[in-house]
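Got your viewer open and a selection box ready? Let's take a walk through this chain, one stop at a time.

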Amino acid sequence: SIGTLVFSTFESCSCSYGESSVEGCDPDDCAATGGYQKSVLDAFYMSCISLTTVGFGDYAPKSLGGRLFACVWMVVGVVSLTVLQVQISNFFYQISQERKRAGK
């Protein structure tokens with residue numbers, strides 16, 4: 001998925017910044033200096049959890065690029081799930097309308 005690709009690229013290793021920054025972390029040698037690391041599986045999990053806006057809190061984007069993408073990714077997730085719910089509702093509504101017409 002797009003989210004997995006982006007999160008595994010921007011978030012494979014991050015020293016972060018602000019409150020979550022890793023003290024002594026060197027961005028040029030992130031893994032060796034204790035930066036936050038994510039595998040592709042971690043990135044996939046984070047992509048699914050943030051897309052559905054479940055947000056357990058066990059994974060969060062740490063880099064600026066990851067955080068910016070996550071904002072867009074979550075809005076896309078809300079819109080996509082809303083559209084899916086509307087389509088499913090319309091499907092069942094159409095079936096109920098057809099049954100009513102057939103019964104008359």
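Below is a tour that starts with the whole chain and then goes through its parts.

**Stop 1: the whole chain**

Keep in mind as you go that this is a predicted model. Show the protein chain as a cartoon and you should find three helices and two strands. Starting from the N terminus, the elements come in the order α-β-β-α-α. The radius of gyration is 20 Å, well over the 13 Å that the globule rule gives for 104 residues, so the chain is more spread out than a compact globule. Line the view up with the principal axes and the C-alpha trace spans about 75 × 25 × 20 Å.

Now colour by accessibility. Of the 104 residues, 28% are buried. Switch on a surface and you are looking at about 7,100 Å² of exposed area, with 64% of it supplied by carbon and sulfur atoms. If you like contact maps, take the contacts with a separation of 6 or more: residues 24 or more positions apart account for 59% of them.

**Stop 2: helix α1**

Select residues 2-10, which form helix α1. Which residues are buried here? They are G3, T4, V6, F7 and S8. Bring in 40-51 and 64-103 as well, since the cover over those buried residues includes α2 and α3.

**Stop 3: the loop after α1**

Next, pick S12, in the loop between α1 and β1 (13-14). At 35% relative accessibility, S12 is partly exposed. Draw a distance from its C-alpha to that of Q37: the two residues are 25 apart along the chain, yet the distance is 5.4 Å. Leaving out residues up to four places away in sequence, S12 touches F7, Y36, Q37 and K38.

Stay in this area and show the side chains of E11 and K38. How many salt bridges does a search of the whole structure find? The count is one, and you have it on screen: E11 pairs with K38, their closest N and O atoms 3.3 Å apart. E11 sits in the loop between α1 and β1 and K38 in the loop between β2 and α2, so the pair ties together parts that are 27 residues apart in sequence. Are these two partners buried or exposed? E11 counts as buried, at 1% relative accessibility, and K38 is buried too, with a relative accessible area of 11%.

**Stop 4: helix α2**

Move on to α2. Put a ruler on its ends: at 1.5 Å a residue, its 12 residues should span 16 Å, and the end C-alpha atoms are indeed 16 Å apart. Highlight D42, A43, M46, S47, I49 and S50, the buried residues of this helix. Several of those numbers are three or four apart, and there's a reason to look for that: an α-helix has 3.6 residues a turn, so residues three or four places apart point the same way. Cover for the buried residues of α2 includes α1, β2 (36-37) and α3. After the helix comes T53, worth a glance on a Ramachandran plot, as its phi is positive, near 55°.

**Stop 5: helix α3**

Zoom out to take in α3. Its 40 residues reach 59 Å from first C-alpha to last, close to the 58 Å expected at 1.5 Å a residue. Select G66, F69, A70, W73, G77 and Q97 to see its buried residues. Among what covers them are α1 and α2.

Centre on A70, which belongs to α3. With 2% relative accessibility, A70 counts as buried. A70 and V6 are 64 residues apart in sequence, and a C-alpha to C-alpha distance puts them 9.5 Å apart in space. Apart from residues up to four places away in sequence, A70 touches F7 and P61.

**Stop 6: a nonpolar patch**

For the last selection, take L81, L84, I88, F91 and F92. What do these residues make? Together they form a nonpolar surface patch of about 510 Å². Click on I88, which lies in helix α3: its relative accessible area is 43%, so I88 is partly exposed.

Notes: Residues numbered from 1 in each chain as written. Predicted model: local features only at pLDDT ≥ 70, side-chain atom pairs only at ≥ 80, totals over all residues. Heavy atoms only, no water. Buried < 20%, exposed > 50% of the residue type's maximum accessible area, 1.4 Å probe, protein only. Helix = DSSP H or I, 4+ residues; strand = E, 2+ residues; numbered from the N terminus. Contact = heavy atoms within 4.5 Å. Expected span 1.5 Å × (residues − 1). Patch = residues over 30% accessible without salt bridge, like charges linked within 9 Å, V, L, I, M, F, W, Y side chains within 5 Å. Areas by Shrake-Rupley, 256 points an atom, 1.4 Å probe, with all protein chains shown as cover. Salt bridge = Lys/Arg side-chain N within 4 Å of Asp/Glu carboxyl O. Rg over C-alpha atoms; globule rule 2.2 N^0.38 Å.
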